[in-house]
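Visitor: Hello! I would like to learn how to read a protein model, one feature at a time. Could you take me through this one?

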Amino acid sequence: MSSTNSLTVEDLGSAAQRDRRKRILDATIALATQGGFDAVQMRAVAERADVALGTLYRYFPSKIHLLVSALARELERANAAFADKPIPGDTASERVIYVLRRTSRGLQGDPHLTEALTRAFMFADASVQAEIHTVGMLLSRMTTRAMHPEREDAELTDDDIAIARVIGDVWLSALVGWVTGRTSAADTAAQMEKAVHLLLRD
């Protein structure tokens with residue numbers, strides 16, 4: 001694994017290492033919730049997580065790696081919540097819109113955290129490609145599950161996956177618009193719904 005990537009749960013061999021990574025992400029989310037992007041400083045994260053600064057950098061090479069990984073964890077939690085029960089809606093569009101609305105409202109309810117996570121995603125460069133890929137895969141998984149709750153991953157078509165990726169890109173773009181004050185929460189929702197209906201046409 002490249003040293004420029006964050007250590008994922010799969011990279012960590014012991015329970016102590018996994019717990020340390022969890023504490024680091026918990027500390028990151030707590031600081032971002034309190035003060036947004038600027039509040040997340042590597043030294044402050046290390047102190048709050050009770051790890052050495054050098055250890056923090058071994059797990060996450062930069063603040064951007066750290067915050068994009070935190071975004072991935074928030075999406076993992078959303079995926080888990082939607083996996084527990086059927087997603088309401090008679091059509092794929094209705095189900096996808098429900099999932100995006102719920103996820104957006106959860107993030108918009110915590111504006112400092114959302115600002116931090118979204119800005120990190122905006123600032124990410126090629127060194128953060130593994131973490132960006134993880135975020136994209138989680139969004140695609142959440143969307144394809146809503147599109148086709150009856151299918152397993154192996155039964156999804158290339159078109160299903162491509163549509164899910166475009167929807168994820170539109171959702172992230174709409175979230176950036178909201179965070180930067182260019183669009184309202186209502187405009188964000190309308191933009192996402194229009195995109196879903198155009199792509200799925202059901």
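Visitor: At roughly what angle do the axes of helix α5 and helix α8 cross?

Guide: Happy to help, and please keep in mind that this is a predicted model. Two packed helices are described by the angle between their axes and the distance between the axes. Here, helix α5 (residues 92-108) and helix α8 (residues 158-179) have axes that cross at roughly 30° and come within 12 Å. Angles under 35 degrees count as roughly parallel, so α5 is roughly parallel to α8. Their crossing is right-handed.

Visitor: Which residues of α5 and α8 meet?

Guide: From α5 come V96, L100, T103, S104, L107 and Q108, and they meet I167, W171, L175 and W178 of α8. Sorted by class, this contact of α5 with α8 has seven nonpolar residues, three polar ones and no charged ones.

Visitor: Now another pair. At roughly what angle do the axes of α4 and α6 cross?

Guide: Try reading this pair in the same steps. The axes of helix α4 (residues 63-83) and helix α6 (residues 111-123) cross at roughly 120° and come within 8 Å. That angle makes α4 oblique to α6. The crossing of α4 past α6 is left-handed.

Visitor: What meets what between α4 and α6?

Guide: On the α4 side you will find I64, L67, V68, A70, L71 and E74, while α6 brings L113, A116, L117, A120, F121 and F123. By class, the contact of α4 with α6 holds 11 nonpolar residues, no polar ones and one charged one.

Visitor: Let us turn to rings. How many aromatic pairs are there?

Guide: Rings pair if their centres lie within 6.5 Å, and by this rule the count comes to two aromatic pairs. In one of them, the ring centres of F37 and F123 are 5.5 Å apart and the planes stand at 80°, so this pair is edge-to-face. F37 sits in the loop between α1 (15-35) and α2 (42-49) and F123 in helix α6, so the pair ties together parts that are 86 residues apart in sequence.

Visitor: Are F37 and F123 buried or exposed?

Guide: Buried means under 20% relative accessible area. F37 has 12%, so F37 is buried. F123 counts as partly exposed, at 46% relative accessibility.

Visitor: And what about F82 and Y98: what kind of aromatic pair do they form?

Guide: F82 and Y98 are also edge-to-face, with 6.4 Å from centre to centre and 70° between the planes. Because F82 lies in helix α4 and Y98 in helix α5, this pair ties together parts that are 16 residues apart in sequence. F82 is buried at 10% relative accessible area, and Y98 is partly exposed at 26%.

Visitor: Back to α6 for a moment. Which residues does T118 contact, leaving aside its neighbours within four places in sequence?

Guide: With those neighbours left aside, T118 is in contact with L175, V176 and V179. T118 belongs to helix α6 and is buried, with a relative accessible area of 7%.

Visitor: One last feature, the backbone angle phi. What is phi near in D50?

Guide: Phi of D50 is near 60°, a positive value in a residue other than glycine. D50 is placed in the loop between α2 and α3 (53-59), and its relative accessible area of 63% makes D50 exposed. R201 is not a glycine either, yet has a positive phi of about 45°. You can find R201 in the segment after α9 (185-200), where R201 is exposed with a relative accessible area of 67%.

How values were computed
Residues are numbered from 1 along each chain as its sequence is written. This is a predicted model: local features need pLDDT of at least 70, side-chain atom pairs count only at pLDDT 80 or more; totals for chains, interfaces and linings use all residues. Side-chain values use heavy atoms; hydrogens and water are left out. Axes are lines fitted to C-alpha atoms, for helices over the stretch in contact, and angles run from 0 to 180 degrees between N-to-C directions. Helices (H or I, at least four residues) and strands (E, at least two) are DSSP runs, numbered from the N terminus. Angles under 35 degrees count as roughly parallel, over 145 as roughly antiparallel, 65 to 115 as roughly perpendicular and the rest as oblique. A crossing is left-handed if the near helix is turned anticlockwise from the far one by less than a right angle, and right-handed if clockwise. Contact means heavy atoms within 4.5 Å. Ala, Val, Leu, Ile, Met, Phe, Trp, Tyr, Cys and Pro count as nonpolar, Asp, Glu, Lys and Arg as charged, and the others, Gly among them, as polar. Rings of Phe, Tyr and Trp (its six-membered ring) pair if their centres lie within 6.5 Å; planes under 30 degrees apart count as stacked, over 60 as edge-to-face and the rest as tilted. Buried means under 20% relative accessible area, exposed over 50%, partly exposed in between (1.4 Å probe, protein chains only).
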